[in-house]
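Me: I'd like a close look at one part of this model, taken residue by residue. Please start with a single loop position and work outwards from there.

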Amino acid sequence: MQRFEGRIALITGGSRGIGAATARRLAAEGARVWVGYRSRLDAAEAVVAEIEAAGGSAAVVAIDVCDEASVQAAVARVLEVDDRIDVLVNSAGVTRDGLLLTMEEADWHAVVDTNAGGTYRVVKAVGRAMLMRRSGSIVLLSSVAGQKAGRGHANYAASKGAVEAMTRALAVELARKKIRVNAVAPGVILTEMSQRVREAAGDTIKGEVLLRRFGEADEVASTIAWLASDDASYVTGQIIAVDGGMKM
């Protein structure tokens, strides 16, 4: 399928995990993909090289979602080269797990400012560009943690709960401008981010998942691609769980 032929996509956190899988998926379906990275230029360039080797089009762009100037510069760079952004996937995120009563304030702020604050900054910058064309699709990354309580995840859960609330609010704000806003809430996915928790409590977690396995990044990417495409043209304000039935 070439659902994104001729379209421009920006993916934050595109150098690894779900972001990288999404970059590859959208490029395979015809999008020109900008792979956003904060510090891992080598990993971002590896994703671009893989996309180009498969016949796709991609480029890297530095973007620190905690820094408004960096976000503005990244969006300006994409617009300078390609004149528009049709799809935004905001995949950048961090975890710093710990019990709330002993959590350092720096760990609270780092997670909330990256996951929730970063969503605010990126959507604000990209949304303005989409408004000019009165079209666009935005897909945000939430988590099963935003809906299912977990020990040691208070900061992460709070940040992802905020992302889900923003998804619904932004869908209301932007619908009249023909911009759709949705989110995907993955469960425990086989990525670098989840490695520590999988090693610590993998069997216990699998016992809470109906499908009795961890998810693959490509499985999340396929749902993101559907939400971003015209196949989901009548879908906005939704949070789609890709968690193997973990919340059940």
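Reply: R84 sits in the loop that links α3 to β4 (87–90); helices here are DSSP runs of H or I with at least four residues, strands are runs of E with at least two, and both are numbered from the N terminus. This is a predicted model, so a pLDDT of at least 70 is required for local features and 80 or more for side-chain atom pairs, while totals for chains, interfaces and linings take in all residues. Residues are counted from 1 along each chain as its sequence is written, and side-chain values rest on heavy atoms, without hydrogens or water.

Although R84 and R7 are 77 residues apart in sequence, their C-alpha atoms are 8.7 Å apart in space. Setting aside residues up to four places away in sequence, R84 touches G6, R7, I8, V78, L79 and R133, where contact means heavy atoms within 4.5 Å.

Two of those partners, V78 and L79, lead us back into α3. At 1.5 Å a residue, the 15 residues of α3 should span 21 Å, and its end C-alpha atoms are indeed 21 Å apart; the expected span is 1.5 Å times one less than the number of residues. The buried residues of α3 are S70, V71, A74, V75, V78 and D82. They cover an arc of only 130° around the axis, which puts them on the same side of α3; the arc is taken over the directions from the helix axis to the C-beta atoms. Buried means under 20% relative accessible area, exposed over 50% and partly exposed in between, with a 1.4 Å probe and protein chains only. On the face turned away from the buried side, α3 carries the exposed residues A69 and E80. The cover over the buried residues of α3 includes β1 (8–12), β2, β3 and α4.

Let's follow α4 next. The axes of α3 (residues 68–82) and α4 (residues 105–133) come within 9 Å and cross at roughly 30°. That makes α3 roughly parallel to α4. Axes are lines fitted to C-alpha atoms, for helices over the stretch in contact, and angles between N-to-C directions run from 0 to 180 degrees. Under 35 degrees counts as roughly parallel, over 145 as roughly antiparallel, 65 to 115 as roughly perpendicular, and the rest as oblique. The crossing of α3 and α4 is right-handed, that is, the near helix is turned clockwise from the far one by less than a right angle, whereas anticlockwise would be left-handed. Here E68, V71, Q72, V75 and L79 of α3 meet R121, V122, K124, A125, V126 and A129 of α4.

α4 also has α5 (residues 154–174) as a partner: their axes come within 8 Å and cross at roughly 15°. That makes α4 roughly parallel to α5. This crossing of α4 and α5 is right-handed. Among the α4 residues making the contact are W108, V111, Y120 and L131, and among those of α5 are Y156, V163, M166 and L174.

One more loop belongs to this picture. K177 lies between α5 and β6 (179–186) and is partly exposed, with a relative accessible area of 34%. Its C-alpha atom is 8.7 Å from that of R133, 44 residues away along the chain. Leaving out neighbours within four places in sequence, K177 is in contact with L131, R134 and S135. R133 brings us back to the start, as it is one of the residues touched by R84.
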